[in-house]
Amino acid sequence: MRAIETITGRVSVLNRDDVDTDQIIPKQFLKRVERTGFGEFLFYDWAKQPGWELPVNPILVAGRNFGCGSSREHAPWALEDYGFQAIVAPSFADIFRSNCTKIGLLPVVLPEADVRELMTAESAAIDLELQDVEFLGRSVPFEIDAEIKHRLLNGLDDIAQSLEREEDIVRFERERERRGPVTTAL
């Protein structure tokens, strides 16, 4: 997982509330076990509608309750594979937000009025260390859990986070070692 410090660039706008994971990546594309190759199926049904356009930019700005529905990990995989590095919305489904942070896709919650204004901006800069989003000449702070912030700033997925405790794991395993065969008394 790559470390995140700042994400800067143009914004793509999906001005819809209650976007569920089946809309993000429909069920017929969930047969793969790799984390790549899902981007081409992002918003598959909507993408077939006339006038649909969702440019590939680093930042996606969306409506409230983004990522609701079933807890499929494929939804963040598809968004990341498409090219998004951060999603800004007034709210996210809890499991979706967690799945995003586990792969290094930054979910940012801002007040709805600020999200609406960000939708009018061409570009933005999200600074994870400072916890703010800069756009249209202003800076808007956001909250993030300290543990998640640490993981994202350092590019730590679940395995890398466990390996940070490698010395403790080795010590525990060494203390558990027994000489000879293990038997249980009946």
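Here a colleague asks a modeller about the labels put on parts of this predicted model.

Colleague: Let's start broadly. What is in the chain, and how many residues count as buried?

Modeller: The chain has 8 helices and 7 strands. Of its 186 residues, 42% count as buried. Its C-alpha atoms fill a box of roughly 70 × 40 × 25 Å along the principal axes.

Colleague: T101 is listed as buried. Why is T101 called that?

Modeller: The cut-off for buried is under 20% relative accessible area. T101 comes in at 3%, so it counts as buried.

Colleague: Where does T101 sit, and which residues is it in contact with?

Modeller: T101 is in helix α4. Leaving aside neighbours within four places in sequence, its contacts are M1, P107, I148, R151 and L152.

Colleague: That helix again. What makes β3, α4 and β4 a unit?

Modeller: Together, β3, helix α4 (residues 94–103) and β4 make a β-α-β unit, and a right-handed one. Right-handed is the word because, with the strands pointing away from you, the path from the first strand over the helix to the second runs clockwise.

Colleague: And how do you know that β3 and β4 pair?

Modeller: Pairing takes at least two bridges between the strands. Strand β3 (residues 86–89) is joined to strand β4 (residues 106–109) by 4 bridges, so the two count as paired. They run parallel, and A89 of the chain stands opposite V109 in β4.

Colleague: On to D18. What makes its phi worth flagging?

Modeller: D18 has a positive phi of about 55 degrees, yet it is not a glycine. Most residues other than glycine have a negative phi, so a positive value gets flagged.

Colleague: Where is D18, and why is it called partly exposed?

Modeller: D18 lies in the loop between β1 (6–14) and α1 (21–24). Partly exposed covers the range between the 20% and 50% cut-offs. With a relative accessible area of 41%, D18 falls in that range, so the label fits.

Colleague: What about L136: what is its phi, and where is its place?

Modeller: Phi of L136 is near 45 degrees, which is positive in a residue other than glycine. L136 is in the loop between β6 (132–135) and β7 (138–141).

Colleague: Why isn't L136 called exposed?

Modeller: Exposed needs over 50%. L136 has 48% relative accessibility, so it counts as partly exposed.

Colleague: Last one: what can you say about the surface and the charges?

Modeller: The chain exposes about 10700 Å², with carbon and sulfur atoms supplying 48% of that. As for charges, there are 22 positive and 33 negative ones, and their mean positions are 6 Å apart.

Notes: Residues numbered from 1 in each chain as written. Predicted model: local features only at pLDDT ≥ 70, side-chain atom pairs only at ≥ 80, totals over all residues. Heavy atoms only, no water. Buried < 20%, exposed > 50% of the residue type's maximum accessible area, 1.4 Å probe, protein only. Areas by Shrake-Rupley, 256 points an atom, 1.4 Å probe, with all protein chains shown as cover. Lys, Arg positive; Asp, Glu negative; His and termini not counted. Charge placed at Lys NZ, Arg CZ, Asp CG, Glu CD. Contact = heavy atoms within 4.5 Å.
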